Amino acid sequence: MARIMERIVWHTAAHGRNGQAFDTTAAQIDQWHRERGWSEIGYNVVIRFDGTIEQGRDPRKIPAAVAGINATTYHTCFSGHGDIAPLTPQQLESSIQHTIDLLRQYGLVERFLSEPEGLIGMGHREVNELVRRGLAPTPTTKTCPGRLVDMEQVRMLIRQRLQTAPVPHAVYEAQAAGELCDWCTRQQRSCNCPTR
Ligand SMILES: [Zn+2]
């Protein structure tokens, strides 16, 4: 059954030593998480230094990444260590585009744009803000996606991209043919929602 997704959460692999960050693979994280006794990697994707997106846990399954809100969230993990080095330009570009694709897929574009303080796209560390608002049960000491990643700036970049992005061609055609409901038109996604 499809999950109702409320947030896209960014993490760091926190993989580095002596001031150097490592280009962690999804297979490596999968091994770490199995060593903890988990069934498999807890994140849905891992984004490498060159921007490659490696699949983690199937997003239809509940991830294991932020206690208390896993059931309604999607989790992106960056290779490297966000306290030691910022995201590479390729990681940033890849993750912004991936997050935009997810916001469209899960029908979150409108909320992302209309609720700037809503943390629809957030860093793991920002769960403490959700706890303060009574929207999550468990605070964290994690810095994810790392102290060197400015989530306000990330959200601004995503917002700019969403506001200037052309409507995808397939959505435009479906809309012209009268096959798209108003809601899906605003979300810029193909329509298979229950309001049709
Ligand atoms: Zn994290």
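A nonpolar core, as I use the term today, is a set of buried Ala, Val, Leu, Ile, Met, Phe, Trp, Tyr and Cys residues joined through C-beta atoms within 7 Å. The model in front of you is a predicted one. Its largest nonpolar core has 33 residues. Those with the most contacts inside this core are V9, I29, Y43, V46, C77, L103 and L108.

Where does the core draw its residues from? Among the strands, β1 (7-12), β4 (45-47) and β6 (73-78) each give two or more residues to this core. On the helix side, α1 (26-35), α2 (89-105), α3 (109-114) and α5 (151-164) do so too.

Take L103 as an example. Setting aside neighbours within four places in sequence, L103 is in contact with I8, L108, V109 and F112.

Next, a pair of helices. The axes of α2 and α5 are 10 Å apart, and the two helices pack at an angle of about 60°. Angles of 65 to 115 degrees would count as roughly perpendicular and angles under 35 as roughly parallel, so α2 is oblique to α5. Their crossing is right-handed.

Which residues make this contact? From α2 there are I96, T99 and I100, and from α5 there are L157, I158, R161 and L162. Sorted by class, the contact has 5 nonpolar residues, 1 polar and 1 charged.

Now the backbone, where three places deserve a look. For background, most residues other than glycine have a negative phi, and most peptide bonds are trans.

The bond between C144 and P145 is a cis peptide bond, with omega about 0°. As for location, P145 sits in the loop between α4 (127-132) and α5.

The second place is A14, in the loop that runs between β1 and β2 (16-17). A14 is not a glycine, yet its phi is positive, near 50°.

The third is L119, found in the loop between α3 and β7 (121-123). Its phi is also positive, about 55°, and L119 is not a glycine either.

Are these two residues buried or exposed? The cut-off for buried is 20 or more other C-beta atoms within 10 Å, and exposed is 12 or fewer. A14 has 19 other C-beta atoms within 10 Å, so A14 is partly exposed. L119 has 22 C-beta neighbours inside 10 Å and therefore counts as buried.

That is the tour: the core, the helix pair, and the backbone.

Definitions and conventions. Residues are numbered from 1 along each chain as its sequence is written. This is a predicted model: local features need pLDDT of at least 70, side-chain atom pairs count only at pLDDT 80 or more; totals for chains, interfaces and linings use all residues. Helices (H or I, at least four residues) and strands (E, at least two) are DSSP runs, numbered from the N terminus. Two residues are in contact if their C-beta atoms, placed from the backbone, lie within 7 Å. Axes are lines fitted to C-alpha atoms, for helices over the stretch in contact, and angles run from 0 to 180 degrees between N-to-C directions. Angles under 35 degrees count as roughly parallel, over 145 as roughly antiparallel, 65 to 115 as roughly perpendicular and the rest as oblique. A crossing is left-handed if the near helix is turned anticlockwise from the far one by less than a right angle, and right-handed if clockwise. Ala, Val, Leu, Ile, Met, Phe, Trp, Tyr, Cys and Pro count as nonpolar, Asp, Glu, Lys and Arg as charged, and the others, Gly among them, as polar.
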